[in-house]
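Follow the empty space first, then the helix packing, then the backbone. Keep the coordinates open as you read.

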Amino acid sequence: MSVPSVVVHRDADVLANAVAARIITRLVDVQSARGSASIVLTGGTVGIATLAAIAATPARDAVDWRRLDIWWGDERFLPSGDKERNETGAREALLDHVDVNPERVHVMLGPDSGLTAEESAESYAAELRRAARPEDHGPVPAFDVMLLGMGPDSHVASLFPGMPALYDTRPVVAVHGAPKPPPTRISLTLPAIQSSREVWVVAAGEEKSGAVRLALSDSGHVQVPASGARGRARTLFLLDRGAASKIPPELGRISSP
């Protein structure tokens, strides 16, 4: 796994716009090299603001949206169209405004599908297996970019400290009893996250600063899930000044554009 690098921006608004620009550049580069690209989306305030920033810039047209596979790192187990679903936020912020191929938008199914949370997780795992290629060396595609938000408790996706999902080696799991509502969720596991070529952890706000410090240390991933959020080739912690305020200076990997 790659060693994290840290990039600090002035505030949450600048962070969202900078991450949007970084996403566009990355997707264009990958599509130029390979023809198609893949991204894993996240929810949360900064995650959705980033998608809205992509939609708002003319540079979005540099991406061939029809040749992009779109996945999610986690989802609240709620009916399709529910305002609390990450999918709903992503569609409203970006996906409804660009020419995506519906067959390449891979959603995690909710209870209105007739599936239980466990069955939804199994269905998503099967979809990942179908998309994986021999060169990915596993049951999950080597995603080009995985976006992850991070909570003040250091959770990423719906992997909360101390919960059973952190021990699970399956690519996708149902999460019950999550400490923030709703309690039932679907989430990629750390092995699936670590299959990504690049993992970008995006966090804003001083309330995240302690979790950021722990995630960049040698803390174990069971108590600090974000410490296991690492990409094969590259790991970025994209932060605002508040979230970066407790990073120890000896890390020596901080840049401020």
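By class, 3 nonpolar, 3 polar and no charged residues make up the lining of the second largest cavity. The model is predicted. The residues around this cavity are Thr42, Val46, Gly47, Thr50, Leu147 and Val202. Helix α2 gives the largest share of that lining, 3 residues. The volume is about 30 Å³.

Now the count. With a threshold of 30 Å³ or more, there are 2 cavities. The largest cavity holds about 40 Å³ of space. Its lining consists of Ile23, Ile39, Leu41, Leu51, Ile54, Trp65, Leu68, Ile70, Leu94 and Leu95. Two or more of these residues come from each of β2 (37–41), α2 (44–56) and β3 (68–72). What is the chemical character of this lining, by nonpolar, polar and charged residues? It has 10 nonpolar residues, no polar ones and no charged ones. Neither cavity has a charged residue in its lining: none is counted for the largest, and none for the second largest.

Next, the open spaces. The largest pocket has a volume of about 410 Å³. It is lined by 21 residues, and those closest to its centre are Gly43, Gly44, Thr45, Gly149 and Lys180. Elements α2, β4 (74–76) and β8 (198–203) each give two or more residues to the lining. Which of the elements gives the largest share of the lining of this pocket? Helix α2 does, with 4 residues. The lining of the largest pocket mixes classes: 7 nonpolar, 9 polar and 5 charged residues.

The second largest pocket has a volume of about 160 Å³. Of its 14 lining residues, Ser38, Asp69, Ala131, Arg133 and Pro141 are the closest to its centre. Strands β2 and β3 each supply at least two lining residues. By class the lining of the second largest pocket has 5 nonpolar, 2 polar and 7 charged residues. Strands β2 and β3 also appear in the lining of the largest cavity.

Turn to the helices. Two packed helices are described by the angle between their axes and the distance between the axes. Helix α2 packs on helix α3 (residues 86–93) at an angle of about 25 degrees, and their axes are 8 Å apart. Why is α2 called roughly parallel to α3? Because angles under 35 degrees count as roughly parallel, the angle of about 25 degrees makes α2 roughly parallel to α3. The crossing of the two helices is right-handed. On the α2 side, the contact is made by Gly44, Ile48, Leu51, Ala52 and Ala55. On the α3 side, it is made by Asn86, Gly89, Ala90 and Ala93. These contact residues divide into 6 nonpolar, 3 polar and no charged.

Two residues of α2 recur. Leu51 is in the contact with α3 and also lines the largest cavity. Gly44 is in the contact with α3 and is among the residues closest to the centre of the largest pocket.

Last, the backbone. Most residues other than glycine have a negative phi, and most peptide bonds are trans. Where does the chain carry a cis peptide bond? One joins Pro181 and Pro182, with omega at about -10 degrees. Pro182 lies in the loop between β6 (172–175) and β7 (185–188). His137 is not a glycine, yet its phi is positive, near 60 degrees. His137 sits in the loop between α4 (117–131) and β5 (145–149).

Definitions and conventions:
Residues are numbered from 1 along each chain as its sequence is written. This is a predicted model: local features need pLDDT of at least 70, side-chain atom pairs count only at pLDDT 80 or more; totals for chains, interfaces and linings use all residues. Side-chain values use heavy atoms; hydrogens and water are left out. On a 1 Å grid over the protein atoms alone, a cavity is a set of points where a 1.4 Å probe fits but cannot get out, and a pocket is an open set with protein on both sides within 12 Å along at least five of seven lines; lining residues have an atom within 4 Å of a point. Grid points are joined across faces, edges and corners, and a volume is the space filled by probe spheres set on the points. Ala, Val, Leu, Ile, Met, Phe, Trp, Tyr, Cys and Pro count as nonpolar, Asp, Glu, Lys and Arg as charged, and the others, Gly among them, as polar. Axes are lines fitted to C-alpha atoms, for helices over the stretch in contact, and angles run from 0 to 180 degrees between N-to-C directions. Angles under 35 degrees count as roughly parallel, over 145 as roughly antiparallel, 65 to 115 as roughly perpendicular and the rest as oblique. A crossing is left-handed if the near helix is turned anticlockwise from the far one by less than a right angle, and right-handed if clockwise. Contact means heavy atoms within 4.5 Å.
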